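Hi,

Here is the structure I promised to pass on. Have a look at it first, and then read my notes below.

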Amino acid sequence: MKYLVLVALFAFAAADSYKAAEYQAPKYETPKYEAPKYETPKYETPKYETPKYETPKYEAPKYVAPKYEAPKYETPKYEAPKYEAPKYVAPKYEAPKYETPKYETPKYEAPKYEAPKYVAPKYEAPKYETPKYEAPKYEEVTYAAQPYSFGYDVQDKESYTEFEHNEKSDYNVVTGSYRVVLPDSRVQIVTYKADANGYTADVKYEGEAKYPEYVESQYKAAASYAAPGYKAPEYKKPSYTAPTYAAPAYTAPAYQAPAAYPKY
């Protein structure tokens, strides 16, 4: 009984000390917005290497003539036919009634034997037609004209040789001139020009012609001949201008703040 009373007292005290919990609205913090950082991409100028041109190597195909073997022909063996002489059967003789018989000796005709004619078969060798070979068509590679210029001068008093030659060209027009001392001591000067309209030349002579008496030359050709010096045309490497790169204009996106968060 005492136990029940104590339980009731504790229950009453606990009910008297209980207070309802107060409701607190949750606190909401607005997120901080950080603008994205934009880095302009770095542009690297492309490196341009002039392509190397290799002249194509052309090898003419080797033609191997087919080997022709004539067919082997064996002559058929000829076997002579075997001839058997006919067997002679003696006639049975019956004595005639006596009448002086007229007896005629029978004429015996030997049988005619004709040996068969052997006709050799005609053999025609097959006709061999040489196959027609068409060489592949090779298209010659043409190259664009390049500018050039050269000149040389030769003066050899011992052999009375004196001349000079100069020439230059751009992509379309060739101009030049040459000067040579003629045997009659005159100097011939030729100035020429060649273009799409053709070849034109202007010929001039300097000095007067002289015809001296002939004197046998005592000149002996040298054992070795030195070739005139040749100046290779100068090749100017084409200048390459790298293309300019315009970086695209970039506009940063406009940031719109989110709508305010409703408060409860």
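**What I found**

Thr-175 stands opposite Lys-193 in S4. That pair is a handy place to start, since I'd like to walk you through the strands from there. Please keep in mind that this is a predicted model.

Thr-175 belongs to the pairing of S3 (residues 174–181) with S4 (residues 187–195). Those two strands pair in the antiparallel sense, with eight bridges between them. They form a hairpin with five residues in between, and Ser-185 in that turn has a positive phi of about 75 degrees.

The loop between S3 and S4 is also where you'll find Asp-184. Is Asp-184 buried or exposed? Its relative accessibility is 10%, so Asp-184 counts as buried, the cut-off being under 20%. The side chain of Asp-184 also makes a polar contact of 2.9 Å with the side chain of Arg-186.

Now go back one strand. S2 (residues 161–169) is joined to S1 by nine bridges, and the two run antiparallel. One pair to click on there is Gly-151, whose bridge partner in S2 is Asn-166. The S1–S2 hairpin has four residues between its strands, and Tyr-160 takes a positive phi near 55 degrees in it.

On to S2 and S3: they pair over seven bridges, again in the antiparallel sense, and a hairpin of four residues connects them. Ser-169 is worth a stop here. This serine sits in strand S2, and its bridge partner in S3 is Val-174. With a relative accessible area of 12%, Ser-169 is under the 20% cut-off and therefore buried. A polar atom of the Ser-169 side chain lies 3.3 Å from the backbone oxygen of Val-173.

What comes after S4? Strand S5 (residues 198–206) is joined to S4 by nine bridges, running antiparallel. A hairpin of two residues links S4 to S5, and Asp-195 has Gly-198 as its bridge partner in S5.

Stepping back to the whole chain, the secondary structure comes to one helix and five strands. Reading from the N terminus, the order is α-β-β-β-β-β. The chain has 264 residues, and buried ones make up 4% of them.

There is something to see on the surface too. Tyr-53, Tyr-58, Tyr-138, Val-141 and Tyr-143 form a nonpolar patch, with about 560 Å² of accessible area together. Tyr-53 is in the loop between H1 and strand S1 (148–156). At a relative accessible area of 52%, Tyr-53 is over the 50% cut-off and so counts as exposed.

Last, a word on confidence. The mean pLDDT of the chain is 78, with 81% of the residues at 70 or more. Where is confidence lowest, and where is it highest? The low end is helix H1 (residues 2–17), at a mean of 65, and the high end is strand S4, at 93. Where pLDDT is low, the predicted coordinates should not be read in detail.

Cheers

How values were computed: Residues are numbered from 1 along each chain as its sequence is written. This is a predicted model: local features need pLDDT of at least 70, side-chain atom pairs count only at pLDDT 80 or more; totals for chains, interfaces and linings use all residues. Side-chain values use heavy atoms; hydrogens and water are left out. pLDDT is the predictor's confidence in each residue, from 0 to 100. Patches are made of residues with over 30% relative accessible area and no salt bridge: like charges are joined within 9 Å, nonpolar side chains (Val, Leu, Ile, Met, Phe, Trp, Tyr) within 5 Å. Accessible areas come from the Shrake-Rupley method with a 1.4 Å probe; for residues, only the protein chains shown count as cover. A salt bridge is a side-chain nitrogen of Lys or Arg within 4 Å of a carboxyl oxygen of Asp or Glu. Buried means under 20% relative accessible area, exposed over 50%, partly exposed in between (1.4 Å probe, protein chains only). Two strands pair if DSSP finds at least two bridges between them. A polar contact is a pair of N or O atoms within 3.5 Å; within protein, one must be able to donate a hydrogen and the other to accept it, and residues adjacent in sequence count only if both atoms are side-chain atoms.
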